[in-house]
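This briefing is for a reader who has not seen the structure before. It starts with a pocket and then moves to the chain as a whole, its charged pairs and some single residues.

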Amino acid sequence: VISHPRLSFSLASIVGSILGESKKCLIVDFDNTLWGGVVGESGVGAIELGPNSFRGKAFYDFQITIKDLQSRGVILAGCTKNDLETALSGLRHPSSILSVGDFATIEASWDPKPVAMRRIIDALNIGSRSMVFVDDSSIEVHAVKAEFPEIESVILDSKFPEKYSSSVLRPRFFESLKLTKEDTLRNGTQANLA
């Protein structure tokens with residue numbers, strides 16, 4: 001028997017989706033995750049974001065990926081170490097795809113990330129097993145993972161922001177097999193849906 005890890009992983013993702021194990025919420029850090037740089041240090045005008053540079057475009061593309069997930073029903077939450085107004089200023093950057101209104105909740109504080117994560121879990125009330133957390137800091141990811149091992153946590157390498165989208169999409173956390181009436185109408189098919 002020849003083993004095909006990718007096929008096995010794809011089948012496991014589909015089975016997980018059928019069993020209702022798809023993730024429902026993406027929790028993102030802001031600095032060096034949604035844009036390059038630290039908005040509180042450099043100011044919104046100096047962050048790397050937008051199609052005019054290689055690094056800026058990588059963060060821009062990652063925001064497009066997140067916006068697409070959000071438009072497909074994935075709940076979006078923010079978890080950043082910053083004061084709220086400074087954190088939100090990054091989302092007001094002229095090239096930002098994401099806006100404040102795309103987020104169900106934003107935790108911007110200087111508290112440890114697990115403390116902020118607890119507030120997000122309580123605010124969203126969807127169960128931490130259905131969440132995915134992404135951050136460029138391995139320290140923050142490990143701290144969240146230690147407190148909430150059931151949350152899928154992904155470390156993003158800020159040296160390679162062009163790999164961010166695949167880091168979130170390749171594991172197929174958000175695989176969905178739901179077929180809605182709108183899907184059938186859009187595809188021109190006729191099906192009876194409950």
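A pocket here is an open set of grid points where a 1.4 Å probe fits, with protein on both sides within 12 Å along at least five of seven lines. Its volume is the space filled by probe spheres set on the points. The model is predicted, and in it the second largest pocket has a volume of about 220 Å³.

**The second largest pocket**

- The lining of the second largest pocket consists of 15 residues.
- Nearest the centre of this pocket lie Asp29, Asp31, Val38, Thr80 and Lys81.
- Two elements, α2 (39–42) and β2 (75–81), each contribute at least two residues to the lining.
- By type, the lining residues are 8 charged, 5 polar and 2 nonpolar.
- Asp29, one of the residues nearest the pocket centre, also belongs to a network of salt bridges with Lys113 and Asp135.

**The chain as a whole**

- The protein chain has 8 helices and 5 strands.
- Along the sequence, these elements follow the pattern α-β-α-α-β-α-β-α-β-α-β-α-α.
- The chain has 194 residues, and 42% of them are buried.
- For contacts between residues at least 6 apart in sequence, 66% join residues at least 24 apart.
- The exposed area of the chain is about 10700 Å², with 55% of it supplied by carbon and sulfur atoms.

**Salt bridges**

- The whole structure contains 12 salt bridges.
- In one of them, the side chains of lysine 67 and aspartate 102 meet at 2.6 Å, N to O. This pair links distant parts of the chain, with the two positions 35 residues apart in numbering: lysine 67 is in helix α3 (residues 54–71), and aspartate 102 is in the loop between α4 (84–91) and β3 (105–109).
- Lysine 67 is partly exposed because its relative accessible area, 29%, falls between the limits of 20% and 50%. Aspartate 102 has a relative accessible area of 9% and is therefore buried, the limit being under 20%.
- Another salt bridge joins arginine 72 to aspartate 68, with the closest N and O atoms 3.2 Å apart. Arginine 72 counts as exposed because its relative accessible area is 54%, which is over 50%. Aspartate 68, at 38%, is partly exposed.
- A salt bridge of 2.9 Å, N to O, connects the side chains of arginine 119 and aspartate 111. Arginine 119 is partly exposed at 31% relative accessibility, and aspartate 111 is partly exposed with a relative accessible area of 31%.

**Two residues of helix α7**

- Serine 165 lies in helix α7 (residues 164–169). With a relative accessible area of 16%, serine 165 is buried, because buried means under 20%.
- Apart from neighbours within four places in sequence, serine 165 is in contact with Asp61, Phe62 and Thr65.
- Leucine 169 is also in helix α7. At 39% relative accessibility, leucine 169 is partly exposed.
- Leaving out neighbours within four places in sequence, leucine 169 contacts Thr65 and Leu69. The C-alpha atoms of leucine 169 and leucine 69 are 9.5 Å apart, although 100 residues separate the two along the chain.
- Thr65 thus appears among the contacts of serine 165 and among those of leucine 169.

**Positive phi angles outside glycine**

- Asparagine 32 has a phi near 60°, a positive value in a residue other than glycine. The residue sits in the loop between β1 (25–28) and α2.
- Asparagine 32 counts as buried because its relative accessibility of 18% is under the 20% limit.
- Arginine 172 is not a glycine either, and its phi is positive at about 55°. Its place is in the loop between α7 and α8 (181–186).
- Arginine 172 is partly exposed, with a relative accessibility of 33%.

Key: Residues numbered from 1 in each chain as written. Predicted model: local features only at pLDDT ≥ 70, side-chain atom pairs only at ≥ 80, totals over all residues. Heavy atoms only, no water. 1 Å grid on protein atoms, 1.4 Å probe; cavity = no way out; pocket = protein on both sides within 12 Å on 5 of 7 lines; lining within 4 Å. Helix = DSSP H or I, 4+ residues; strand = E, 2+ residues; numbered from the N terminus. Nonpolar A, V, L, I, M, F, W, Y, C, P; charged D, E, K, R; others polar. Salt bridge = Lys/Arg side-chain N within 4 Å of Asp/Glu carboxyl O. Buried < 20%, exposed > 50% of the residue type's maximum accessible area, 1.4 Å probe, protein only. Contact = heavy atoms within 4.5 Å. Areas by Shrake-Rupley, 256 points an atom, 1.4 Å probe, with all protein chains shown as cover.
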